[in-house]
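Me: Could you take a close look at one part of this model for me, the sheet, and then work outwards to whatever sits around it? An informal walk-through is fine.

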Amino acid sequence: MTGKESEYELKEAEVKKKVMVTGGGPVGMEAAIIAARRGHDVTLYDKSGKLGGQWLLAAIPPGKELLNTFTVWQKGELDRSGVKVVLNTEVTREFVEQVNPDEIILASGATPIIPGIPGADKSHVYTANSCC
């Protein structure tokens, strides 16, 4: 919708649902915000202790700090939209059965591809993800 906000209309949902969003990266946060603005009862779950996912890694290099402002903005929008946020919680089949949501949005992110370089599996070799 960015830059085309006037072309899209965010409509109230005809049927309000209990929505579970798994994953607190930018996509999970945005999905939760939009679902809540449509009137759904939304809870976002993330297995880590902070929101932002891999976007937080992108904001670490010098000169890239400004990227973190997007995560800060989304956190504020989650709060303003009434989204409940539950951190340090892994969503398993049993957990889903316990919560019993009407809908699930899976936004669990990606796993980086580690090239088959000899020695890449050594203990002194780090990826961007292993630092945080």
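Reply: The sheet is open and has four strands, in the order β3-β2-β1-β4, with parallel pairing. At its edges stand β3 (84-86) and β4 (103-106); each has a single partner strand, so one side of each is left without a neighbour in the sheet. From one strand to the next, the twist averages 20°. Keep in mind that this is a predicted model, with local features needing a pLDDT of at least 70.

As for what holds such an arrangement together, strands of a sheet pair through backbone hydrogen bonds, either parallel or antiparallel. Here, strand β1 (residues 18-22) and strand β2 (residues 41-45) run parallel and are joined by five bridges. Two of the residue pairings are handy if you want to find the register on screen: V19 has V42 as its bridge partner in β2, and M20 has T43.

How covered is β1? Mostly: four of its five residues are buried. Over in β2, T43 is a good residue to zoom in on. With a relative accessible area of 12%, T43 is buried, because the cut-off for that label is under 20%. Setting aside neighbours within four places in sequence, T43 is in contact with V19, M20, V21, K84 and V86. Sort that list by strand and you get a view across the sheet: V19, M20 and V21 fall within the residue range of β1, while K84 and V86 fall within that of β3. M20, the bridge partner of T43, is thus one of the residues in contact with T43.

Now for the helices. Read along the sequence, the chain goes β-α-β-α-α-β-α-β, which gives four helices and four strands. Helix α1 (residues 26-37) lies across β1, β2 and β4, and runs at about 170° to β2. Helix α3 (residues 68-81) holds S81, a buried residue with a relative accessible area of 18%. Beyond its neighbours within four places in sequence, S81 is in contact with I33, A36 and R37. Those three residue numbers sit inside the range of α1, so S81 links α3 to the helix that lies across the sheet.

Past the edge strand β4, in the segment after it, comes A107. A107 counts as buried at 14% relative accessibility. Leaving out residues up to four places away in sequence, A107 touches T22, G23, V27 and G28. Of these, T22 belongs to the range of β1, and V27 and G28 belong to that of α1. Going back ten residues along the chain from A107 brings you to E97, and the C-alpha atoms of the two are separated by 18 Å.

The loops on either side of α4 (93-99) deserve a look at their backbone angles. N88 lies in the loop between β3 and α4, and N100 lies in the loop between α4 and β4. N88 has a positive phi of about 55° although it is not a glycine. N100, also a residue other than glycine, has a positive phi near 55°. Are these two buried or exposed? N88 is exposed, with a relative accessible area of 60%, and N100 counts as exposed too, at 55% relative accessibility.

Finally, here is how the whole chain looks around that sheet. The C-alpha trace spans about 55 × 40 × 25 Å along its principal axes. Of the 132 residues, 27% count as buried, a group that includes T43, S81 and A107. Among contacts between residues at least 6 apart in sequence, 67% join residues at least 24 apart. The chain exposes about 9200 Å², and carbon and sulfur atoms supply 55% of that area. On the charge side, there are 15 positive and 17 negative side chains, and the centres of the two sets lie 2 Å apart.

Notes: Residues numbered from 1 in each chain as written. Predicted model: local features only at pLDDT ≥ 70, side-chain atom pairs only at ≥ 80, totals over all residues. Heavy atoms only, no water. Buried < 20%, exposed > 50% of the residue type's maximum accessible area, 1.4 Å probe, protein only. Contact = heavy atoms within 4.5 Å. Areas by Shrake-Rupley, 256 points an atom, 1.4 Å probe, with all protein chains shown as cover. Lys, Arg positive; Asp, Glu negative; His and termini not counted. Charge placed at Lys NZ, Arg CZ, Asp CG, Glu CD. Pairing = 2+ DSSP bridges. Axes fitted to C-alpha atoms, helices over the stretch in contact; angles between N-to-C directions.
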